[in-house]
Amino acid sequence: MLKIQPEPYKIKTVEPLSRLPLDERKAALLRAGHNTFLLRSREVYIDLLTDSGTNAMSQEQWSALMRGDEAYAGAESFYRFVEAVQEVYGFPHVVPTHQGRGAENILSKSLIRPGDVVPGNMYFTTTRLHQELAGGSFADVIIPEAHDPSSELPFKGNVDLAKLAAVVKKFGASKIPYVAVGAPVNMAGGQPVSMENIRLVSAFCREKGIRVVLDAARAVENAYFIQEREKGYAGKSVKAILLEMCSHFDACAMSAKKDAYANIGGFLAMRDQGLYEQAQNLCVVYEGLHTYGGLAGRDLEALAQGIRESVEKDDWIAHRVSQVRYLWKALDETGIPLMRPCGGHAVFVDAKEFLPHLSQENLPAQALAAAIYEDSGTRSMERGIVSAGRDAATGEDHKPALELVRLALPRRVYTQSHLDYVAEGLGETWRRRARIPGLQFSYEPKYLRFFQARFKPVASKCPSAAFS
Ligand SMILES: *Cc1c(COP(=O)(O)O)cnc(C)c1O
């Protein structure tokens, strides 16, 4: 069999790219307060900040835009969008939102009462914030291996059923509005959840009368990992596996900026009529009428097409995961410490191991993301103490076990030679790692601080002589 898996698409429209010289990249980094979110995109060469909304749409999606029905209420585009969600995700009721956090806001406000606890398999930044803003708190019930970058478990995103049972016992089922399952788990390096685990969590919750809600942003990837790794699924299509996954959930919150190949959009989908009515009602308050949810008719058309495309054949998702693995392998061969095993949407560099001379207070992952940009113009993001934020009750920093830098691959955007360049650039950063200074906050916003915070270098301590 041929080893090379070329991109399953060819290029019809091009967007020129250029790389700033080193002195201008240094100036840009200073202006941005060492936060890659504050760089302008013209200052970035290869943009691996996120795979959210950065997808390249297909010719069918671009064609669909022209069909957009821009009626305020009851647009045909809305009904086509709903049919696509029903067909691919299997939930009967759908409320559109402008993006994933719009769905999280509505879900949290509909179901969480002050004092409630929401167990989940590792926090996600916006998800936890909306739970807290609604008066709830988050309880981590992921298996312990997920917090260990070196563990090679195939389903490292699984819920720890004993931990979940303990949380339910401690607080009582009446204090638990739902269990939130992310599949795969973004903050754990894109690690998948097995079908068996989903089935067990769902059965446990059903018995206790607790809802289970899927964070479906990258559920197509999760289905692909199940096909690849779980017994009994090798012969099933990703589409069939995704439907089976969803069949175990009462509802799902979706950021369609991820696996649905759209540039904007999201939805909340559910089985229960009561939640549907409540969500539709809150949609008018926060997003717009329940038949557009903050989106234009043309966005809904592109979404409907993208949702179907994401599972129409397995080649798209297979290629996506193979691209991520290609970059992972190139970095691994350089000796760069990585989160293992490789996930589906991004390569996560272990910043603690990369910069052992920096303590967590020196913000190693933030410092590394800045250094990577400086060396090659590649933009990545911090997933460590900065992203974890502060405890809502005590104001203390959350101190996550993982200090990661995420290199996320936009779907269908970059070619293999771009990835070769990124790997070479990180090799440069790896060679000068002992001289990379730590950072400290110079400005810290109250909510989701990683997006808008600014940093300055801490006076460097004597760099280790072990490195040249
Ligand atoms: C992106 C994302 C969200 C939030 O979605 P937005 O569209 O960015 O608002 C929620 N959960 C997960 C796992 C995500 O990756």
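In this predicted model, the side chain of Arg 218 places an N or O atom 2.9 Å from an oxygen atom of the ligand. Arg 101 makes a similar approach: an N or O atom of the Arg 101 side chain lies 2.7 Å from a ligand oxygen. Ser 255 also takes part, with a polar side-chain atom 2.6 Å from an oxygen atom of the ligand. Each of these distances falls within the 3.5 Å cut-off for a polar contact. The ligand taken alone exposes 380 Å², and the protein buries 93% of that area.

The shell around the ligand holds 13 residues. Gly 100, Arg 101, Asp 215, Ser 255 and Lys 258 are the closest. By class, six residues of the shell are charged, five are polar and two are nonpolar. Helix α4, spanning residues 100-111, supplies the largest share of the shell, with three residues. The space that the ligand takes is the second largest pocket.

Aromatic pairing was examined next. Across the whole structure, a search finds 13 aromatic pairs. One of them joins Tyr 261 and Trp 316. Their ring centres are 6.3 Å apart, and the planes meet at 65 degrees. This angle is over 60 degrees, so the pair counts as edge-to-face. Tyr 261 sits in the loop between β7 (251-255) and β8 (266-270), whereas Trp 316 belongs to helix α12 (residues 315-334). The pair therefore ties together parts that are 55 residues apart in sequence.

Backbone geometry was considered last. The peptide bond from Ala 183 to Pro 184 is cis, with omega near 0 degrees. Pro 184 lies in a loop, with β5 (178-182) on one side and α7 (195-208) on the other. A cis bond also links Arg 340 to Pro 341, here with omega near -15 degrees. The loop that holds Pro 341 runs between α12 and β9 (346-350). Helix α12 is also the element that contains Trp 316 of the aromatic pair. Leu 363 shows another backbone feature: a positive phi of about 55 degrees, although Leu 363 is not a glycine. Leu 363 is found in the loop between α13 (351-354) and α14 (364-376).

Key. Residues are numbered from 1 along each chain as its sequence is written. This is a predicted model: local features need pLDDT of at least 70, side-chain atom pairs count only at pLDDT 80 or more; totals for chains, interfaces and linings use all residues. Side-chain values use heavy atoms; hydrogens and water are left out. A residue is near a molecule or strand if one of its heavy atoms lies within 4 Å of it. A polar contact is a pair of N or O atoms within 3.5 Å; within protein, one must be able to donate a hydrogen and the other to accept it, and residues adjacent in sequence count only if both atoms are side-chain atoms. Accessible areas come from the Shrake-Rupley method with a 1.4 Å probe; for residues, only the protein chains shown count as cover. On a 1 Å grid over the protein atoms alone, a cavity is a set of points where a 1.4 Å probe fits but cannot get out, and a pocket is an open set with protein on both sides within 12 Å along at least five of seven lines; lining residues have an atom within 4 Å of a point. A molecule sits in a cavity or pocket if more than half of its atoms lie within 2 Å of its grid points. Helices (H or I, at least four residues) and strands (E, at least two) are DSSP runs, numbered from the N terminus. Ala, Val, Leu, Ile, Met, Phe, Trp, Tyr, Cys and Pro count as nonpolar, Asp, Glu, Lys and Arg as charged, and the others, Gly among them, as polar. Rings of Phe, Tyr and Trp (its six-membered ring) pair if their centres lie within 6.5 Å; planes under 30 degrees apart count as stacked, over 60 as edge-to-face and the rest as tilted.
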